[in-house]
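Me: I'd like to go through this one with you and ask how each label was earned. Here it is.

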Amino acid sequence: MIGQITLPGVSFTGAGGPEQVTTVLEIVAALTVLTLAPSIVIMLTCFTRVLIVLSFLRQALGTPQMPPNQIVTGLALFLTVFIMAPVGQEVHRAALGPYLRRELGPQQALERGWAPIRAFLLRHTRERDLGLMVELSRQDRPARPEDVGAHALIPAFVISELRTAFQLAFVLFVPFLVIDMVVASVLMSMGMLMLPPVMISLPLKILLFVLADGWHLVVRSLVASYR
């Protein structure tokens, strides 16, 4: 016998049954997921790698404010949606669709929905990072990578993503660093010590990036790194 269940902006009154309690719990769960959505997007997708590489690219070019943060973040978000589309489709096919049709319970839908996400995380997580988190958790070593819990898999995936992002950033920095060194050497040999090298190297780096179709190459490399 339930007299009244009250949530912020939602009130259930009367002699409710199990169905009413289930509805309340589903609303609470949905609000919780919405609250944690930014963290979920960052930790369980390729958003971290894409955003870091694009941010380092601006630094390599010598234009830390161009493109603006909104454009870089928006591009990273849409690239994340593009890259994660196959995983999202698999989650919808295996879990979300059947759950909305009331063919699966919440627990079954959660387990089936986690399976393709876990496969994606394992595919892009280094074994060394995974072993580190399992060791730090002080639990028995699992027989298979698929047996690793989410509490160890997710931070291991993030560490692997950070390492890969910094590797890609280093490759991006090399050609622009060469241009800076050449320009600085030429100016010193000409005795133009008072002229800041960045005034000469910045237009050259932008010209090189445009002629090489840099945005095409960077986006292509980011997407290919997940295929």
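Me: Where does Asp213 lie?

Reply: Asp213 is in the loop between α7 (197-211) and α8 (214-224). Keep in mind that this is a predicted model.

Me: What makes Asp213 partly exposed?

Reply: Its relative accessible area is 43%. Buried would need under 20% and exposed over 50%, so at 43% Asp213 counts as partly exposed.

Me: And what is the phi of Asp213?

Reply: Asp213 has a positive phi of about 55°, although it is not a glycine. Most residues other than glycine have a negative phi. Arg138, just after α5, also takes a positive phi, of about 60°. Gly191, which follows α6, has a positive phi near 80°.

Me: Back up a bit. What is the overall layout, and how many helices and strands does the protein have?

Reply: There are eight helices and two strands. Along the sequence the pattern reads β-β-α-α-α-α-α-α-α-α. Buried residues make up 30% of the 227 residues.

Me: How do you know that the length of α6 fits a helix?

Reply: Helix α6 covers residues 150-189. At 1.5 Å a residue, its 40 residues should span 58 Å, and the end C-alpha atoms are 58 Å apart, so the two agree.

Me: Where in α6 is the kink?

Reply: The kink, about 30°, lies at Val174, shortly before the proline Pro175.

Me: Which residues make the nonpolar surface patch?

Reply: Phe170, Val171, Val174, Val178, Val182, Val186 and Met190 make the patch, which is about 660 Å².

Me: Why is Phe170 called exposed?

Reply: Phe170 has a relative accessible area of 59%. The cut-off for exposed is over 50%, so Phe170 is exposed. It lies in helix α6.

Me: How many salt bridges turn up in a search of the whole structure?

Reply: Three. One of them joins the side chains of Glu161 and Arg49, at 2.6 Å from N to O. Glu161 lies in helix α6 and Arg49 in helix α2 (residues 47-61), so the pair ties together parts that are 112 residues apart in sequence.

Me: What makes that pair a salt bridge?

Reply: A side-chain nitrogen of Lys or Arg has to be within 4 Å of a carboxyl oxygen of Asp or Glu. Glu161 and Arg49 come to 2.6 Å, so the pair qualifies. Glu161 is buried, and so is Arg49.

Me: What about Arg93 and Glu90: why are they about one helical turn apart?

Reply: They are three residues apart in helix α3 (residues 69-100), and so are separated by about one helical turn. Their closest N and O atoms are 2.5 Å apart, and with a limit of 4 Å they therefore form a salt bridge. Arg93 counts as exposed at 55% relative accessibility, while Glu90 is partly exposed at 31%.

Me: And how far apart are the closest N and O atoms of Arg126 and Asp129?

Reply: They are 3.0 Å apart, and the limit is 4 Å, so Arg126 and Asp129 form a salt bridge. Arg126 is partly exposed, with a relative accessible area of 28%.

Me: Why is Asp129 called buried?

Reply: Asp129 has 5% relative accessibility, and buried means under 20%. So Asp129 counts as buried. In α5, Leu130, Gly131, Met133 and Val134 are buried too.

Me: Arg128 is in α5 as well. Is it buried or exposed?

Reply: Exposed: Arg128 has 67% relative accessibility, and the cut-off is over 50%. Arg128 lies in helix α5 (residues 127-137). Its C-alpha atom is separated by 9.1 Å from that of Ser160, 32 residues apart along the chain.

Me: How do you know that Lys205 is buried?

Reply: Lys205, found in helix α7, has 4% relative accessibility. With buried set at under 20%, Lys205 therefore counts as buried.

Me: What does the side chain of Lys205 reach?

Reply: It reaches the backbone oxygen of Ala60, at 3.4 Å. A polar contact is a pair of N or O atoms within 3.5 Å, and 3.4 Å falls within that distance.

Me: Last one: what makes Leu222 buried?

Reply: Leu222 sits in helix α8 with 1% relative accessibility, so under the 20% cut-off it counts as buried. The C-alpha atoms of Leu222 and Ile83 are separated by 9.2 Å, and the two residues are 139 residues apart along the chain.

How values were computed: Residues are numbered from 1 along each chain as its sequence is written. This is a predicted model: local features need pLDDT of at least 70, side-chain atom pairs count only at pLDDT 80 or more; totals for chains, interfaces and linings use all residues. Side-chain values use heavy atoms; hydrogens and water are left out. Helices (H or I, at least four residues) and strands (E, at least two) are DSSP runs, numbered from the N terminus. Buried means under 20% relative accessible area, exposed over 50%, partly exposed in between (1.4 Å probe, protein chains only). Patches are made of residues with over 30% relative accessible area and no salt bridge: like charges are joined within 9 Å, nonpolar side chains (Val, Leu, Ile, Met, Phe, Trp, Tyr) within 5 Å. Accessible areas come from the Shrake-Rupley method with a 1.4 Å probe; for residues, only the protein chains shown count as cover. The expected span of a helix is 1.5 Å times one less than its number of residues. The bend at a residue is the angle between axes fitted to the seven residues ending there and the seven starting there. A polar contact is a pair of N or O atoms within 3.5 Å; within protein, one must be able to donate a hydrogen and the other to accept it, and residues adjacent in sequence count only if both atoms are side-chain atoms.
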